[in-house]
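Me: Please take a close look at one strand and its pairing partners. Then add a short look at one loop residue.

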Amino acid sequence: ANTAVKPGTPVTLVISNGVEQVQVPNVTNADRSTAENTLASNGLTSSVSEQYSDTIAAGLVISQSIAAGTGVNKGTCVGIVVSKGPENAGVPNVTGTDRNTAISALQAAGFVVNEGAAQYSDTVASGYVISQDIAGGSQVKKGSTITIIVSKGQEMVTVPNVTGMDAAGAESELRRCGLNVAYGSAEYSDTVPAGSVIRQSAAAGSSVAKNSTVTIVTSNGREYFTISFNSNGGSSVSSISVRIGSTLSNLPTPTKDYYTFTGWKNNGQNAEGMTVTGDMYLDAEWQIKPESDWVLESNVPSGAQVTATMVKYIYTRTTTVTNTSSSMSGYTLVRTEPSSSPKSSETIYYVDFPSGFNTGDSLYSKYPNHSLPGNSENAAEYHKYTDAGSSGYIYYHWAYNADANYGSRLGNVLYRRAISQSKTSNCGAWGAFESYTDYGTEEFQGEYPYKVGYLNQTSGFELGSAEAQQWTIYYYRLDVKSATHMVYDKQYVWSKTETGLVSDTDPSGQSGVTVTERQVWVKYRAK
């Protein structure tokens, strides 16, 4: 049976004569990808063709070559036909063509033609297409209906008689009949009142196309007098003709740069409202325009007359203050620095004692600075140390245990002794003494030619004879150095920057001032 199954639903396989059988699934109305996957999942192959369809959406299967539910050998190819959607065609442009040609062209393209009610047209000749409801070049479904409107040509009307009518009435009548109105040059007439029609371009009772233009000529009435104008330096004003007995009104307004027009004068009297009895000569009166307030030069209107100028300088100012205050409102701390002069000064001495020196020795505590102190600061002071160089010497020696049984001193002959490489208990620690005499090189071994202090094995430290040379083997000299220690008050350097300041004079030379903008301000008189 042609039973539709859901894609992916298992189906019963029938094996006949050793060939595996499967049922063909229903893939109509499925999209192409789903259909191909469904056939493949059921062990079938597929081939695809396409055709237009007015009922099946593009991309969906219209039909399959083997009906759903049919048992076939596994691997059988099932042909599917996929919809390309409805077939479209390009609409030809038939506006401006004659009726028969337009209908033929649309039908040949596969469209149905509907002819709407014919209309009058001032631009399209009778029998030709005025418009079509689907624009030429559009792509639409074949068989669609396209409506065209055919021209009946121009509509004709009968011209009315408007001579003798006032201009407004004549224009209204002509327009009522579907005609346009133009005015020719007005003419003087002794018989036709001013403003009435003297003649018309199309004869009364004639037939003309609707929206045609009829020109009418109106009467100026009786003769006009000439009014002449002296603009007194303003723009030129042409003379005008005014009918005798008329009242002067709506007179032309001249212009003059930087002045305001205040009116026309006739023999010193205001001309506006005077009755015309003959030719008249009018003089313009002017009042100079007021100055503006101060504005930036860039805002002056085009053509204006500048009457005053001044320069303003926009600048920033940085103020620096140095004091001993640790806070200052409105200012930012830039740095700290010592005062210009020390408030106190002293000389200190220091010795760089070697490692192993007896820290209990009086010399060690006498020179507590064992190296040049570094410069330092605290919340209120700066301390600075300046090395002044050598100021004296300290000599010290290291005594060793010497065994007397190993030799003795005979005259100037020195017998070598066995020397222990460690300090003995009876030597104590380091022995040392001060001297301001240079005792020579830093290290001596053997007989020493000067009488200096020595350590005796039994009696301890002594000053004495040359015998000391046998007991004190190594001598060292240390420089006693001096330095100047100066104490300065700590100063705070503060800074404040003000922006957007304004001056009428150039402040560039002032300390801490930077000009950011030079502005030109002016007063002007409008053109």
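Reply: Arg199 has Val217 as its bridge partner in β17. This is a predicted model. Arg199 belongs to the pairing of β15, residues 197–200, with β17. That pairing is antiparallel and has three bridges.

β17 spans residues 213–221. Next come its parallel partners. Strand β13, residues 180–183, runs parallel to β17, and four bridges join the two. Within that pairing, Val181 sits opposite Val214 of β17. Strand β14 covers residues 187–188. β14 also runs parallel to β17, joined by two bridges. There, Tyr188 faces Gly221 of β17.

To recap the directions: β13 is parallel to β17, β14 is parallel to β17, and β15 is antiparallel to β17.

Now the loop residue. Thr95 sits in the loop that links β7 (88–90) and α2 (99–108). Is Thr95 buried or exposed? Neither label fits: Thr95 is partly exposed, because its relative accessibility is 33%, and that class lies between the cut-offs of under 20% for buried and over 50% for exposed.

Thr95 also has contacts further along the chain. Leaving out residues up to four places away in sequence, Thr95 touches Val129, Ile130, Ser131 and Gln132. Val129 is 34 residues from Thr95 along the chain, yet their C-alpha atoms are 5.0 Å apart. Within the loop region, the Thr95 side chain makes a polar contact with the side chain of Asn93, at 2.9 Å.

Notes:
Residues numbered from 1 in each chain as written. Predicted model: local features only at pLDDT ≥ 70, side-chain atom pairs only at ≥ 80, totals over all residues. Heavy atoms only, no water. Buried < 20%, exposed > 50% of the residue type's maximum accessible area, 1.4 Å probe, protein only. Contact = heavy atoms within 4.5 Å. Polar contact = N/O pair within 3.5 Å; in protein donor to acceptor, adjacent residues only side chain to side chain. Pairing = 2+ DSSP bridges.
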